[in-house]
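Biologist: I would like to learn how to read the features of a model like this one, one at a time. Could we begin with the backbone and then work outwards?

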Amino acid sequence: MSDTDVVSGTFRALVESADRKFARVRDVPAYGRVHNQHYFHKLFKAYMRLWKYQQENRAKLVEAGLNRWEIGEIASRIGQLYFGQYMRTSEARFLAEAYVFYEAILSRRYFEGRAKGLGKKEIGVRFKELRFYARFLLVALILNRTETVQLLAERFKALVDDSRANYRETNFKEWRLVVQEIVRFMKVDTAFMNVRPLRYSAMFDSHPASLPYVARFHAKRVLKFQDALLTSYHRNEAKFAELTLDTYRMLQCLEWEPSGSFYHKRLVESKENGSFIEHSGASAASGVIDMNLAADMTDPSLPPNPRKAVIYRPSVTHLIAVMATVCEELPVDSVMLLYLSASGTAGRSNVNQLYTSGGSQKSSKNKVPLPNQNTYRAESCNGKAESSGYYDKYLWFGPRGNGGENNLYPGDIIPFTRRPLFLIVDSDNSHAFKVLHGAERGETAALFLSPLRPAFKNPADADLMQNGSQFTFFLTAPLSAFCQLVGLSSSDTETDVYNSAEGILSDAFSKWEVILCTSTKMDLVWAQVMSDPFLRRLILRFIFCRAVLSLFCPPEDSEQYLPVCLPFLPSSVSPDSEVVQSCISRLAKHLRVDDCFNFDDM
């Protein structure tokens, strides 16, 4: 047996061994603390050994018939493993490693030399290439690599079109839907091209004037925020793969923004002809992937990201099971954030919702009211902990039908209030969850409940399918949400004007932060999480959202158009307070939209 045959045999054996290990861990849930981490360690070790072996024996393997797409498939599998670990742990380094491997596959065109003329095998390779593009798109999307996403989307669409033309006997309908998903998602995500990142950035979210107050602030009890569960379920909502627009925004909102070279260095640039420039420092023929690239994309000085279980379109029983797992594994003196975004009406599509869910009713020539067909009964959500209120209203998690198995009731959340809980409900039925306050089983829950109806200057912006939830938008990108509320777009707002608006909002948050940290009337539920930067930022943004909507909407509609927090935050940061209203007035006048608000009493 020749050396080439031995090398080829060893390579195939390593491939089979790695694939077996991959099959063993492929279905491990992407939530909860995995106790068999040694399996993942063995799996990564197996694929790294395989990758190194093909590098060292590339010439002999090519002589034995190794195709470039086979190398690409190995790199794609490694990228898939890294991304899976990111979804389980929320560690940024795993996301960066996935990007590195996917970028190398693209820049070296591993799949372009596919197995032509091999019939069914060629089609199989084409499907591998399509899956690679879909996975790389998801990674680039989460990393906010806008230019890369645009280039990948163009190539992906061209590949799907080519597949339909050359493999007419094969149905590519599902891949056409994936193309439509990413185009739709990009249209929403790039609406404001000049905005700051959604992740927590020291440059934007750390306010020097209030830092000493935050540092000195100390509650009787301090909770750590390390775990979150995020899910949304709306018919026809904007999404890509298993990431909806609302969960995408919350996912990024609960992560640290690297402050190193990652966002200052363009690792991949597109030329006019659509070709890639490789920045990994290795030639396409070498097969060496520069792992230092991943180090440039992460910031070791930052604390770990909170772990986030992102659940896509769960059944109610599955959602409750995941909540139980996260709650059971919650460390001592920690709080779990639970984010739920769903309709409060079974089977109602968002096309119908957007015309029954609001618009400002304020009498003004530039505001167009939307018809009020909301069937919500305020008397059933009066905050009293009556047993009948626990299972009257619900969030709807289900593909069809109106059965109880699709309904998540406020009473379903009560068992999880034995541990500290920060609950965010974004729904046209959110106020039904007021009954949780006072009904907890051990720990008073922190509740953020969305308005029952969104409010917009332009009714077209109320399209939940296209733009996502307004309340979630305020919590994750407050200035963009403000601009959307008053009908401003990126094309209407110059970069300098927008950046100055960011400064105004930052000054407001700094002032409110000082007020909260020096308040003697803040409920312990809020005080015990104020030390956490992510939760503190959510609280500040809630104050902003509530004040903006309060000034935008007429008082008689406040029940429907305003969000609710329980327990109450200090009155010093209420929408009626001068320090809050003055900040909103300053922002509105800067953007020349002050005529949209009720500043009559100021």
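Biologist: Where is the place of A241?

Modeller: Bear in mind throughout that this is a predicted model. A241 sits in the loop that runs between β2 (239–240) and β3 (243–244). What draws attention to A241 in a backbone reading is its phi, which is near 55 degrees, a positive value in a residue other than glycine.

Biologist: Is A241 buried or exposed?

Modeller: The classes are set by relative accessible area, with buried meaning under 20% and exposed over 50%. A241 has a relative accessible area of 32%, so A241 is partly exposed.

Biologist: Where does R109 lie, and what is its phi near?

Modeller: R109 lies in the loop between α5 (92–107) and α6, and its phi is likewise near 55 degrees, a positive value in a residue other than glycine. With a relative accessible area of 38%, R109 is partly exposed.

Biologist: Which residues does a cis peptide bond join?

Modeller: For the peptide bond the angle to read is omega, and in the bond joining L566 and P567 omega is about -5 degrees, which is the cis form. P567 belongs to the loop between β12 (564–566) and α23 (578–590).

Biologist: Turning to the fold as a whole, how many helices and strands does the protein chain have?

Modeller: The protein chain has 23 helices and 12 strands, and of its 602 residues 59% count as buried. One can also ask how far along the sequence the contacts reach: among contacts between residues at least 6 apart in sequence, 77% join residues at least 24 apart.

Biologist: Why is helix α11 (residues 245–253) described as largely enclosed by the rest of the structure?

Modeller: The reasoning goes from single residues to the element: 9 of the 9 residues of α11 are buried, and therefore the helix is largely enclosed by the rest of the structure. Among the buried residues are D246 and R249, as well as L245, Y248 and M250.

Biologist: How should I read the packing of α18 (residues 478–485) with α19 (residues 495–518), and what is the angle?

Modeller: One reads the geometry before the chemistry. The two helices pack at an angle of about 115 degrees, with their axes 10 Å apart, and the crossing of α18 and α19 is right-handed. On the α18 side P478, L479, S480 and C483 take part, and they meet Y498, A501, E502, L505 and F509 in α19. By class, the residues of this contact divide into 7 nonpolar, 1 polar and 1 charged.

Biologist: Which residues does Y213 touch, leaving aside those up to four places away in sequence?

Modeller: Y213, which is placed in helix α10 (residues 211–216), touches V514, C517 and T518 on that count. The C-alpha atoms of Y213 and I515 are separated by 9.2 Å, although the two residues are 302 residues apart along the chain. At 33% relative accessibility, Y213 counts as partly exposed.

Biologist: What volume does the second largest pocket have, and which residues lie nearest its centre?

Modeller: The second largest pocket has a volume of about 1,000 Å³. Its lining consists of 31 residues, of which F83, G84, M87, L138 and E242 lie nearest the centre. Elements that each supply at least two lining residues include α1 (3–25), α6 (120–142) and β6 (307–312), while the largest share, 7 residues, comes from α4. In chemical terms, the lining divides into 22 nonpolar, 3 polar and 6 charged residues.

Methods
Residues are numbered from 1 along each chain as its sequence is written. This is a predicted model: local features need pLDDT of at least 70, side-chain atom pairs count only at pLDDT 80 or more; totals for chains, interfaces and linings use all residues. Side-chain values use heavy atoms; hydrogens and water are left out. On a 1 Å grid over the protein atoms alone, a cavity is a set of points where a 1.4 Å probe fits but cannot get out, and a pocket is an open set with protein on both sides within 12 Å along at least five of seven lines; lining residues have an atom within 4 Å of a point. Grid points are joined across faces, edges and corners, and a volume is the space filled by probe spheres set on the points. Helices (H or I, at least four residues) and strands (E, at least two) are DSSP runs, numbered from the N terminus. Ala, Val, Leu, Ile, Met, Phe, Trp, Tyr, Cys and Pro count as nonpolar, Asp, Glu, Lys and Arg as charged, and the others, Gly among them, as polar. Axes are lines fitted to C-alpha atoms, for helices over the stretch in contact, and angles run from 0 to 180 degrees between N-to-C directions. A crossing is left-handed if the near helix is turned anticlockwise from the far one by less than a right angle, and right-handed if clockwise. Contact means heavy atoms within 4.5 Å. Buried means under 20% relative accessible area, exposed over 50%, partly exposed in between (1.4 Å probe, protein chains only).
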